[in-house]
Structure formats: C-alpha cells, structure tokens
Amino acid sequence: YTSSVSLAEEFAQAFIQSSATNGTAINFNGLSSSGSSIFAPTFSGVADSGKIFLNNIVLQNATAQPISINGGQLIIYGTSGGNGTHSFSNNSWFVSGNTNTSINPYLGFASASLGGSYSLPLTGDFNFDTSPTTFVIENNTNQTITLTGNINGFSNSTLFVQAASASTSYFTGIMTLENLYVSNGNFYLEPASGTNTINNIFLENSGTLHVNSNNALGSVNTILPSGEVSLVFEEGSYTGAFSNNISFAADSTVLTLDIATGGTVELSGAISDGGFSNSELSFFPTSGSLRLAGTVDVDTLSQLNGTLFLTSSGTNSISSVILQTANLRISSNESFGTGTTIELNNSGEFTLQNNFTTSPLSSSFTINLNSPPTTSGANQIDDAGYIVQIDSLITGIGTYYKQGYGVQYPTNTSNDFAGGVVFGLGTMGVSDIAALGTGNTYTFRNSAG
C-alpha cells in the first residue's frame with residue numbers, strides 16, 4: 001500500500017481525519033512500495049509550506065519502507081485515538097529537505113481533536129537524509145508528548161525543537177546531531193540507554209532544557225544560551241562531572257541553572273560570556289547544590305538559594321555576585337578574579353573555605369552588606385574554621401555577621417558598613433577598630449570570642 005500526497009499550490013493543505021471514537025489506524029503491515037517510502041507527503045513546487053494534517057489518524061507498521069517527510073509540514077492531532085486503542089507504533093521515519101523548494105521538513109503536534117489524545121508516545125527512529133537537513137519538531141499541544149525513537153542525523157544535520165510555553169516534550173531515544181536548537185516550552189533529554197552526541201545545543205527564546213543523567217549531555221561539546229533560558233538537572237543517575245562548555249550567544253542573556261537532584265552536580269567545562277555584554281549566570285536550585293569546577297567568565301553571578309561552590313583551578317572573571325538566601329563557597333581570590341562586588345542580601349552567606357593568610361581576600365573586592373541590622377541571620381561571612389584575612393572593602397547598611405569557628409581579620413580601615421558586628425562563632429581579630437565599620441555596636445553570641 002502506498003499513500004502519496006503531492007501539493008503544488010502555495011499554502012496548499014490536505015486533511016486526513018477520522019471521527020471514530022478511538023480514531024482510525026492506517027496499518028502498512030510492513031509492506032514495500034514501488035517508491036522509496038510507504039507514506040510520503042511531498043510538496044512539489046510549493047512556494048511556501050504546504051500542510052498535511054492527520055486528525056485522529058495514526059500510522060502503524062511502516063517498517064520495510066519509512067514514513068517520509070520531504071519538506072513542508074506534517075501535523076498530527078493526537079498520537080493515539082480515544083483510550084489508546086489505536087496509536088502510532090512500529091514505524092520508521094525519514095526526513096529530508098525538499099531539493100526543489102528548499103523547504104525544511106516539519107513535524108507538528110497540535111491540540112488533539114475528534115477524540116485524539118497524547119496519552120501514548122510516538123515511537124520509531126527518525127533518520128536524516130545525508131545532505132544538510134534541518135528538521136523542525138513543534139509541540140503546540142499545551143500538553144506532554146513523548147518521542148521514544150532515536151534521532152539519527154549526520155555531521156551536517158540540525159534539529160529545531162520548539163513549543164508553546166505550556167507544552168512539554170520528552171525525548172527518550174538517542175540523538176546524533178550537529179546542532180540542536182531548543183526554543184520555548186520544556187524539553188527533556190532522557191535517553192533510556194546510550195549517550196547523545198550533539199556538537200552544539202542552542203538554548204533560546206525562554207526554552208528550558210531538562211536532563212536526568214550524564215548521557216543526556218555526554219557527548220555535547222557546547223551549550224549556547226541566548227535570552228532568558230534555563231538548564232535543569234532533574235533527579236536521575238549522575239556518574240561524574242559534566243564537561244560541556246557553556247558559551248553565551250547574545251547580549252543580555254540570563255542562564256538559570258536549576259538542580260533538582262537532591263545532591264551535588266559538578267560542571268567542569270568553561271562558562272564564558274562569549275564576548276557578549278550583560279551576561280548573567282543564575283543559580284536557583286529546587287533541591288541540591290552545584291559545583292563549578294571550570295572557569296567562569298560572566299558579568300553577573302546571581303544565587304537565589306542553595307549552595308554553590310566555585311572551585312576552578314584557573315582564574316574566573318566575575319564582575320558582580322548577588323546572594324539572596326544562598327551560600328556561596330570559594331577557596332581563593334581566583335574564584336572571582338579582580339574587582340568583584342559581592343552583594344549579601346537577606347540570609348545570604350559568603351563562605352571562605354580555605355586559609356586566606358598568605359593571600360588575603362583581595363582588596364580589589366567590595367562586600368556590600370545590604371540587609372538592615374534588624375534582619376535575623378543576614379549578611380553572614382563564614383570562615384569554615386579557617387584563618388582568613390579580609391582586605392576587601394566592607395560597606396553597606398547591614399550588620400557584619402561573623403560565622404565559623406576559625407579566625408577572621410578584617411583589615412580595611414575604609415570599611416563603612418553601618419550595622420555593627422555580630423560575633424556568632426569563633427574569633428575575630430583587628431589591629432585598627434576602623435575596620436569594624438561605623439556602627440559602633442558589637443554583639444556576642446555563644447562560642448564567640
């Protein structure tokens with residue numbers, strides 16, 4: 001059985017639909033056709049994208065020859081009919097650009113109608129043509145869809161995945177691509193087995209990318225965010241650090257990293273602003289902590305909550321650090337670079353987890369204590385039991401809350417923070433009282449001296 005639909009007019013559309021309660025299945029029974037595919041919506045001579053709609057229709061057992069999307073748009077209303085009596089199953093897919101019209105192949109998922117639903121996944125591998133091909137998958141269902149097959153591209157193949165903002169898409173097969181573009185909506189890369197091999201992932205237009213294992217990003221070279229986008233590490237199986245590089249791809253980009261694993265995720269690749277301005281790396285974990293072991297070169301590092309470790313053996317370049325209800329831990333001046341401003345807000349805690357004696361905390365840094373003295377537990381500087389000399393300027397309206405069982409030596413006589421000092425734990429030493437700011441109030445808690 002061969003089904004071929006050829007559209008030759010601009011904006012031409014063809015509808016194949018079923019009003020049956022459980023939809024209608026077209027079963028190809030693994031048969032061969034005289035052509036190169038068993039179902040081939042082609043778009044010959046169309047000046048703009050033609051469209052073919054499968055409304056409550058599913059295709060099954062296209063195995064001997066594939067379902068071929070040759071340019072234009074194939075739009076599906078439901079991956080199963082009704083209660084799932086009929087569903088897409090046991091198919092192979094082939095995608096290629098239309099050489100006559102230069103139209104990219106497009107697979108769309110629209111809000112289910114006529115009884116169709118997305119309760120069951122779309123199965124089968126997608127195989128790219130060997131020529132440069134850009135394949136677009138768009139989820140406009142405002143629901144969750146799942147694609148379980150592998151996406152087999154070549155060194156010159158590109159996949160765009162895009163969605164309405166309320167739509168969620170799961171990809172549980174293996175991707176082999178040159179470029180993956182993630183735009184709008186929520187996209188989950190969760191290969192059931194094997195490792196994705198993708199040279200570049202472009203994360204753009206409010207897109208959110210979720211991963212649940214090292215395999216999802218295992219052989220990804222670079223992640224390139226632009227706009228306000230998010231990368232979420234979900235609960236799953238993690239076997240080591242992620243070595244992927246992150247390079248910002250536009251001005252005024254905000255990349256939010258969310259940890260939802262309940263443990264610690266380590267990124268060992270370099271994070272760079274890519275030469276663009278107003279770059280911001282934001283850490284906003286649901287549950288868990290993050291360790292950045294590669295170099296970080298961004299304008300702003302903002303941390304809303306959770307614990308973040310900066311442990312690079314190289315020198316970072318961060319202009320501004322903003323802490324809310326968060327704990328930031330550093331082990332050397334190289335964790336920031338030079339000239340960094342550290343903003344402590346709410347119950348933000350700045351932890352120095354190494355001896356800062358031979359190399360004191362740099363005088364090129366400025367620490368702003370932004371929470372007023374009446375804020376309980378705010379503006380904490382923690383020495384983690386080490387001996388630290390703080391040559392940085394400490395300023396702002398708030399209280400210097402000394403934490404940790406170690407010793408802190410503030411030395412900058414230009415310190416002008418106005419909220420006084422709370423000695424929470426450990427010992428503080430000064431050689432000039434001017435280093436304790438202008439508040440002239442000193443409060444001692446238990447175990448302080």
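## The nonpolar cores

In this predicted model, the largest nonpolar core has 93 residues. Leu180, Ile201, Phe336 and Ile367 touch the most other members of that core. Apart from it lies another core, made of six residues. Tyr77, Tyr106, Ala110 and Val136 are among those six.

Take Phe336 as a way into the large core. Leaving out residues up to four places away in sequence, Phe336 touches Leu310, Asn316, Ser317, Ile318 and Val321. The list goes on with Leu328, Ile330, Ile342, Phe350 and Phe365.

## The chain as a whole

What elements does the protein chain have? There are 45 strands and one helix. The C-alpha trace spans about 90 × 40 × 35 Å along its principal axes. The radius of gyration is 28 Å, whereas a compact globule of 449 residues would have one near 22 Å.

Many contacts link distant parts of the sequence. Counting contacts between residues at least 6 apart in sequence, 55% join residues at least 24 apart.

## Surface and charge

Buried residues account for 54% of the 449 in the protein chain. The accessible surface comes to about 16,900 Å². Carbon and sulfur atoms hold 45% of that surface.

How many charged side chains does the protein chain have? There are 5 positive and 27 negative ones. The centres of these two sets lie 16 Å apart.

## Two buried sites

Serine 117 sits in strand E13, which covers residues 116-117. Is serine 117 buried or exposed? Its relative accessibility is 16%, so serine 117 counts as buried, the cut-off being under 20%. Beyond its neighbours up to four places away in sequence, serine 117 touches Gly78, Thr79, Ser80, Gly82 and Ala112.

Glycine 406 belongs to a loop. That loop runs between strand E41 (400-403) and strand E42 (407-410). Glycine 406 is buried because its relative accessible area is 5%, against a cut-off of under 20%. Its contacts, not counting residues up to four places away in sequence, are Asp383, Gly385, Tyr386, Gly426 and Thr427. Leucine 301 is 105 residues from glycine 406 in sequence. In space, the two are 27 Å apart, C-alpha to C-alpha.

## Two asparagines with positive phi

Most residues other than glycine have a negative phi. Asparagine 205 has a positive phi, near 50°. Asparagine 346 also has a positive phi, near 50°.

Where do these asparagines lie? Asparagine 205 is in the loop between strand E22 (197-204) and strand E23 (208-213). Asparagine 346 is in the loop between strand E34 (341-344) and strand E35 (349-352). Asparagine 205 is partly exposed, with a relative accessible area of 44%. Asparagine 346 counts as partly exposed at 38% relative accessibility.

## A loop residue beside threonine 395

Aspartate 416 lies in the loop between E42 and strand E43 (421-423). At 38% relative accessibility, this aspartate counts as partly exposed.

How far apart are the C-alpha atoms of aspartate 416 and threonine 395? They are separated by 5.0 Å, though the residues are 21 apart along the chain. Threonine 395 is also one of the contacts of aspartate 416, once neighbours within four places in sequence are left aside. The others are Ile394, Gly396, Gly437 and Thr438.

Methods:
Residues numbered from 1 in each chain as written. Predicted model: local features only at pLDDT ≥ 70, side-chain atom pairs only at ≥ 80, totals over all residues. Heavy atoms only, no water. Helix = DSSP H or I, 4+ residues; strand = E, 2+ residues; numbered from the N terminus. Rg over C-alpha atoms; globule rule 2.2 N^0.38 Å. Buried < 20%, exposed > 50% of the residue type's maximum accessible area, 1.4 Å probe, protein only. Contact = heavy atoms within 4.5 Å. Areas by Shrake-Rupley, 256 points an atom, 1.4 Å probe, with all protein chains shown as cover. Lys, Arg positive; Asp, Glu negative; His and termini not counted. Charge placed at Lys NZ, Arg CZ, Asp CG, Glu CD. Core = buried A, V, L, I, M, F, W, Y, C linked by side-chain atoms within 4.5 Å.
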